[in-house]
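Thanks for sharing this one. Here are a few notes to read alongside the coordinates, in the order I would look at things.

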Amino acid sequence: MKKSWLVALIVLPLVIFGWVRLRLETDILATLPSDLPEVRALKLLRDGFAGGSDLVIALESADDFSAEEAMTAIAEGLQKRTDLVKEARWAQPMSQQAQSGAALLAWSLQNADPAKVRALRTRLEGAGTEAQFQKSLQAVTTALDAEKVQRASYDPLGLLDCLDTSAASALEGSLFGLVSEDGAFRMLLVTPSESVGNYKSAAAWLEKIKAEVAARLHVKLAGQPMPTVRYTGEPAFQAEIGAGIEKDMSSTIGLTEVLIAILFWLMFRRLKPLMWIQGLLMLSMVMTLGVGGLLVGKLSIMSLGFAAIVLGIIVDYAVLIIQEARQHPHEDAKGLRKMAAPGIIAGACTTATVFLSLLFSGLPGLAELGLLVALGVLVGLGVMLTFAPTLAAGKQPADSVITITAKPVQNRAAVICTVLLFGSMTAIFTTKGLPTFQTSAEALRPTQSESMDTFQWMQERMGRDDEASLPVLITGPVAELQKRTEALTVKLDAAVKAGTVVRHALPTMLVGSPAAQLANREILDWIIQEQPRFEKAADAAGFTDSSTALLRGLTTVWKDGRSTWPQDESNAAAMPILSRLIATGERAKSAGMPEGEGVVLASVNIPGKPGLPDRAKLAELQAILSPETGAWVAGWETLGGALSSLVQRDLNRQLIPICLVLALTLLITFRNVKDLLLSILLLGGGLGALAATMSALGIGWNLASLAAIPLLLGTGIDYGIHLLLALKRTDNDIRQVQATTGRAVFFSGMTTVIGFSSLFFAGNRGISSLGLACCVGTLWILLIVLWLLPHWRAWLKA
């Protein structure tokens with residue numbers, strides 16, 4: 001008793017500290033390998049640019065007028081809520097996104113090609129100014145091209161001739177478009193006034209935003225049809241996923257407990273053992289979460305299902321101990337523990353080993369799942385072997401001993417079933433082949449997600465039916481970003497001609513160049529000094545005052561920025577837009593970029609459908625984005641293929657050590673080569689039957705469900721160990737073993753199925769498919785263990 005109290009005093013504070021440390025991880029990217037380039041690209045896309053944590057409000061109305069009216073009312077209302085909103089941005093001309101219309105153009109000119117800026121000064125010096133105004137005046141009066149007329153009206157000096165205006169038009173249409181072509185669909189980007197932090201604060205903030213939106217629409221559109229308003233973006237995903245994890249945890253544990261209790265009652269019809277088993281299960285779960293909090297510190301969307309799996313496994317140990325107590329009612333706790341321990345310890349160790357092998361998985365979420373289940377199994381092993389024998393010994397009914405007096409079993413049915421099993425598997429594999437492997441990233445997405453559905457809807461409404469828009473990141477040293485962007489533009493132009501790319505928009509003219517700014521400063525200062533002369537010449541040529549508004553705006557921006565030269569996007573007047581396209585300095589560093597490097601965001605459209613690019617064209621695009629360009633696609637579309645290769649490599653790396661450990665454990669347990677071979681046949685038959693079932697139903701493996709293979713190896717061998725040891729003790733008395741140990745194994749298998757089936761309701765598609773594969777595989781293994789394995793051992797006379 002003293003030792004028990006001492007252990008409790010040591011363990012209890014650690015468990016409490018683990019619980020305090022435990023948190024819910026709502027970031028999907030945190031469950032993926034951080035060293036994978038495609039994952040780093042997604043993190044850079046989210047964290048490296050302003051707007052990565054924005055809430056996106058999508059609105060659709062009957063026509064463009066009503067949509068604009070509703071969106072303006074919402075945006076202006078949210079801008080007034082400075083306690084909730086730092087910035088609200090909606091569909092406006094690109095030039096109005098900065099503090100003044102000239103800010104973005106001023107930035108572009110100060111980073112323009114120095115040769116073109118020098119040519120501008122040469123053209124405007126002396127009498128060249130009057131000649132330029134006369135040329136622009138002629139364009140206004142005689143040109144047939146409306147664009148040329150408009151350009152000559154607001155820029156008669158030709159200041160923008162230094163820029164690639166075609167690139168500017170493409171950029172405005174692609175990266176800044178927050179309204180659909182028909183105008184009926186619009187988006188509003190809302191930046192929280194403060195970091196929303198965890199999922200609970202994100203949910204609270206989102207509810208306040210929704211209430212404000214509803215109030216604004218009610219006032220503005222009273223008595224009129226209301227538009228459709230939906231929400232997506234980081235805060236919406238964070239609130240939704242966090243709430244989903246919390247719900248999954250509470251519902252799966254509760255549902256699993258209830259189903260296990262019902263199954264136990266149906267099989268044993270006793271209330272008292274049911275009550276103490278439930279108590280031991282809860283004690284095991286509390287301790288597991290505490291230890292898990294110490295070692296892992298978090299529960300993610302992929303690891304949350306561990307609790308149901310652990311409950312389904314460790315309840316088996318209590319039932320096996322009860323079954324031994326029923327067969328040996330006169331044994332005390334020590335004798336009962338000695339009798340049940342070998343099989344339980346062997347099964348628990350092999351199961352824990354297999355789940356620990358998931359630590360070698362390239363998916364951190366699955367690694368966490370494996371570690372937590374292994375911890376739960378080992379903790380449950382200790383709890384059950386410590387308390388269950390004491391609670392079960394000498395407390396079984398007098399008629400609990402099962403004695404079989406029937407005739408020996410016939411082997412004919414077992415022969416027929418064995419032939420049917422392996423024959424059917426062979427036929428299915430011959431006609432339909434093995435299950436396919438799905439390389440898409442669909443398995444990583446939520447099963448039911450309003451935020452994800454809204455994101456898909458947004459892509460469909462903003463895109464073109466025959467195109468898929470992909471974000472592309474261009475990385476490298478800050479001084480080389482402009483050259484890299486220009487070089488990639490040339491490559492993508494060639495890809496457009498080749499049909500690989502439909503169109504692209506690279507912010508070449510917005511990428512800063514410290515060297516160009518230093519070279520252009522003298523000429524820009526000259527333009528500032530010459531501004532009065534230019535305005536006087538414009539007036540003399542007959543231009544109105546509005547025609548020099550651009551000149552005045554540019555010079556004002558340059559004057560204000562003289563103190564910080566050269567500038568980067570963080571201290572430029574056009575910062576609100578630039579920070580959404582370019583990340584350098586502290587922002588790039590905080591997003592994981594090395595010191596002195598930056599990132600540029602571009603957009604590339606390839607054939608396909610919104611959100612579903614043509615895979616062949618995507619592969620061609622990725623080939624163009626070679627390592628020397630410093631560019632790669634930053635989208636979920638490329639993540640599937642990269643993760644598929646990683647997961648298949650991990651599986652190959654896991655299976656060999658798993659098989660070696662299992663073989664060693666089985667040899668130590670059985671000390672019999674025949675039983676080792678039977679165990680291998682059991683596992684091969686179960687996994688083969690699962691694969692055949694999947695092929696017959698047209699179901700393929702995915703990134704997560706592939707983990708079912710090592711999991712089934714661990715749980716399946718557990719059942720085989722218990723049954724083969726029982727057969728060995730009874731000299732292959734099949735009826736006796738099926739009625740005693742077989743009954744406990746059946747209960748164990750069904751509780752495991754219950755545990756895995758709870759994963760159906762997980763908020764992640766991959767975990768849901770993993771649960772389905774484990775359920776079907778466990779049922780097949782259970783069928784083989786209970787009805788075929790005993791006959792196989794009898795035939796071999798092991």
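1. Let me start with a strand pair. In this predicted model, S3 and strand S4 (residues 185-192) run antiparallel to each other and are joined over 4 bridges. One contact to pick out is Ala88, whose bridge partner in S4 is Val190.

2. That pair belongs to an open sheet of 4 strands, ordered S3-S4-S2-S5, with antiparallel pairing. Which strands stand at the edges? They are strand S3 (85-89) and strand S5 (228-233); each has a single partner strand, so one side of each is left without a neighbour in the sheet. On average, neighbouring strands here are turned by 20° against each other, direction ignored.

3. Now for the helices on this sheet. Helix H3 (residues 64-80) lies across strand S2 (55-60), S3 and S4, and runs at about 5° to S4. Helix H16 (residues 450-462) also packs on the sheet, where it touches S2, S4 and S5. The direction of H16 makes about 110° with that of S5.

4. You may also enjoy the nonpolar cores. The largest holds 121 residues, and the members touching the most others are Phe306, Tyr317, Val373 and Leu770. What does Val373 touch, leaving aside residues up to four places away in sequence? Its contacts are Phe306, Ile309, Val310, Ile313 and Phe355, and Phe306 is itself among the residues with the most core contacts.

5. Finally, please look at the second core, which is separate and has 40 residues. Among them are Ala102, Leu104, Leu124 and Trp526.

Notes
Residues are numbered from 1 along each chain as its sequence is written. This is a predicted model: local features need pLDDT of at least 70, side-chain atom pairs count only at pLDDT 80 or more; totals for chains, interfaces and linings use all residues. Side-chain values use heavy atoms; hydrogens and water are left out. Two strands pair if DSSP finds at least two bridges between them. Helices (H or I, at least four residues) and strands (E, at least two) are DSSP runs, numbered from the N terminus. Axes are lines fitted to C-alpha atoms, for helices over the stretch in contact, and angles run from 0 to 180 degrees between N-to-C directions. Contact means heavy atoms within 4.5 Å. A nonpolar core is a set of buried Ala, Val, Leu, Ile, Met, Phe, Trp, Tyr and Cys residues joined through side-chain atoms within 4.5 Å. Buried means under 20% relative accessible area, exposed over 50%, partly exposed in between (1.4 Å probe, protein chains only).
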